[in-house]
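Thanks for sharing this one with me. Here are a few notes on its open and closed spaces and on the ligand, for you to follow alongside the model.

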Amino acid sequence: LLAEFPPPAPGEKAAGRGGAPGNFVFAVNATVTACERAGEWPAALQLLCDARDGRNGWPRPDLLTYNATISACTRGQRWQSALDLLQEARRQQLRPGAAAFSCAARACGHGGGRFQSEVWGAVAWAYEASGLRPPAPPVPVAELARKQASVLDFVRRQAPQGDLEAVLSAMRDFAQQREWLKVAGGAKARLLEAVLRPGDVVLELGCFVGFSALVAVQRLRRLGGGGRVISCELDAASAIIAREVISWAGAAEEVQVRIGLASDWIASGQLGSPDVLVLDHRGARYHEDLAAIEESLPRSARVLADNVLSPGAPLFLSAIDGRYAIAIHEVDEFMRAGPAAAGGPSAPKQLAFA
Ligand SMILES: C[S@@+](CC[C@H](N)C(=O)[O-])C[C@H]1O[C@@H](n2cnc3c(N)ncnc32)[C@H](O)[C@@H]1O
């Protein structure tokens with residue numbers, strides 16, 4: 001029927017109820033829902049793909065099309081398709097409903113352990129945001145984050161417990177002697193130190209193993225004490241290891257590591273009003289996360305963003321252009337100072353200090 005009655009062209013008077021071109025998506029959705037109820041997941045999926053690819057002149061699928069197709073795939077035990085569609089919907093800035101997430105959770109459950117770290121990470125965030133203690137990881141964190149676990153092991157062997165300076169130095173040694181770490185060391189650490197003022201509350205997006213969070217604590221202590229750091233980390237295993245590293249350094253009182261997507265924490269309204277915002281998670285998200293938290297920042301806030309020229313954060317740079325006092329510092333990536341250190345040409349790296 002859908003194929004026989006293509007949507008009216010823009011401006012064309014539609015026959016019957018709800019016949020405006022934009023409304024045709026309702027007809028598609030009703031058909032997808034019918035397919036879902038009839039257990040016809042291949043037809044539902046086909047309809048969604050046709051609409052998505054603009055076949056037959058159909059309008060683009062909307063949230064309901066995705067919700068119904070995800071549901072159809074779940075009923076049809078097409079777990080991977082359900083998860084792929086959920087991702088696709090989120091990429092298109094659609095916000096799938098609770099039913100779609102519950103389908104996805106079931107899909108993960110059927111993944112035979114393939115999604116264990118993602119599921120546990122998402123569950124850990126949900127528990128923590130609700131003020132609950134998250135469940136233990138499904139396997140030892142060392143299996144989920146090998147390099148990070150080696151850092152913790154190295155730190156415990158090299159640095160006396162409670163010695164923040166020794167812990168930072170052990171992490172630098174690890175990066176030099178064992179495996180490189182993508183942390184804000186060297187010139188980047190000095191830039192971070194330079195923006196801090198006594199008693200600052202620092203919000204960092206992208207904690208990894210807690211190196212820069214500890215750099216900030218060390219500086220805040222030297223400035224006379226007071227102040228604290230909240231650091232969000234998407235990867236739950238890294239976050240748990242970062243907590244151990246921070247606790248070994250004796251800084252557990254001064255740093256809170258939050259497990260989960262920075263945007264989820266910002267949306268939860270639980271991050272307060274930071275004096276300093278450090279963006280060190282994903283350049284492609286800097287502008288969105290800054291926009292989401294901007295109204296909580298005091299006018300005196302300072303924003304430090306890493307890697308804005310390479311790999312680059314063009315949307316972020318254009319979002320702050322003309323609205324912030326900006327300084328861009330070209331500095332080397334930590335321990336990647338030159339061809340010899342990097343095993344290749346050194347890339348220019350940079351922080352934008354807004
Ligand atoms: C470059 S590392 C951070 C390094 C750390 N700031 C330091 O200098 O010690 C980036 C981290 O951001 C995390 N990440 C990526 N996207 C994120 C997001 N949307 N929310 C929170 N963390 C994220 C990654 O898992 C990774 O551990």
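1. Let's begin with the largest pocket of this predicted model. The space in this pocket comes to about 2,100 Å³. A total of 48 residues line the pocket, and Gln-87, Arg-90, Leu-234, Leu-261 and Asp-264 are the closest to its centre.

2. Which elements give two or more residues to that lining? They are six helices and a strand by name: H4 (79-91), H5 (98-109), H6 (116-129), H12 (236-248), H13 (262-268) and H14 (283-293) among the helices, together with strand S2 (228-233). Helix H6 is the top contributor to the pocket lining, giving nine residues.

3. It is also worth looking at the pocket by domain and by residue class. Domain 1 (21-114) and domain 2 (143-353) each provide at least three residues of the lining. By class, the lining of the largest pocket holds 26 nonpolar, 13 charged and nine polar residues.

4. Now to the ligand, which has 19 residues around it. The closest of these are Ala-184, Gly-206, Ser-212, Glu-233 and Asp-280.

5. How do nitrogen atoms of the ligand meet the protein? Please have a look at three contacts in particular. In one, a polar side-chain atom of Asp-280 lies 2.8 Å from a ligand nitrogen. In the others the protein side is a backbone N or O atom: that of Ala-262 lies 2.9 Å from a nitrogen atom of the ligand, and that of Leu-234 lies 3.1 Å from one. On its own the ligand has 600 Å² of accessible area, and the protein covers 89% of this. Leu-234 also belongs to the residues closest to the centre of the largest pocket.

6. How many cavities of 30 Å³ or more are there? The count is one, and the volume of the largest cavity is about 70 Å³. Its lining is made up of Ala-184, Lys-188, Leu-192, Glu-204, Ser-212, Val-278, Asp-280, Leu-304, Ala-305, Asp-306 and Leu-351. Three of these names may look familiar: Ala-184, Ser-212 and Asp-280 line the cavity and are also among the residues closest to the ligand.

7. Finally, the make-up of the cavity lining. Helix H10 (187-195) and strand S5 (302-306) each supply at least two of its residues, with S5 giving the largest share, three residues. Sorted by class, the cavity lining has six nonpolar, four charged and one polar residue.

Conventions. Residues are numbered from 1 along each chain as its sequence is written. This is a predicted model: local features need pLDDT of at least 70, side-chain atom pairs count only at pLDDT 80 or more; totals for chains, interfaces and linings use all residues. Side-chain values use heavy atoms; hydrogens and water are left out. On a 1 Å grid over the protein atoms alone, a cavity is a set of points where a 1.4 Å probe fits but cannot get out, and a pocket is an open set with protein on both sides within 12 Å along at least five of seven lines; lining residues have an atom within 4 Å of a point. Grid points are joined across faces, edges and corners, and a volume is the space filled by probe spheres set on the points. Helices (H or I, at least four residues) and strands (E, at least two) are DSSP runs, numbered from the N terminus. Ala, Val, Leu, Ile, Met, Phe, Trp, Tyr, Cys and Pro count as nonpolar, Asp, Glu, Lys and Arg as charged, and the others, Gly among them, as polar. Domain bounds come from an automatic or database domain assignment. A residue is near a molecule or strand if one of its heavy atoms lies within 4 Å of it. A polar contact is a pair of N or O atoms within 3.5 Å; within protein, one must be able to donate a hydrogen and the other to accept it, and residues adjacent in sequence count only if both atoms are side-chain atoms. Accessible areas come from the Shrake-Rupley method with a 1.4 Å probe; for residues, only the protein chains shown count as cover.
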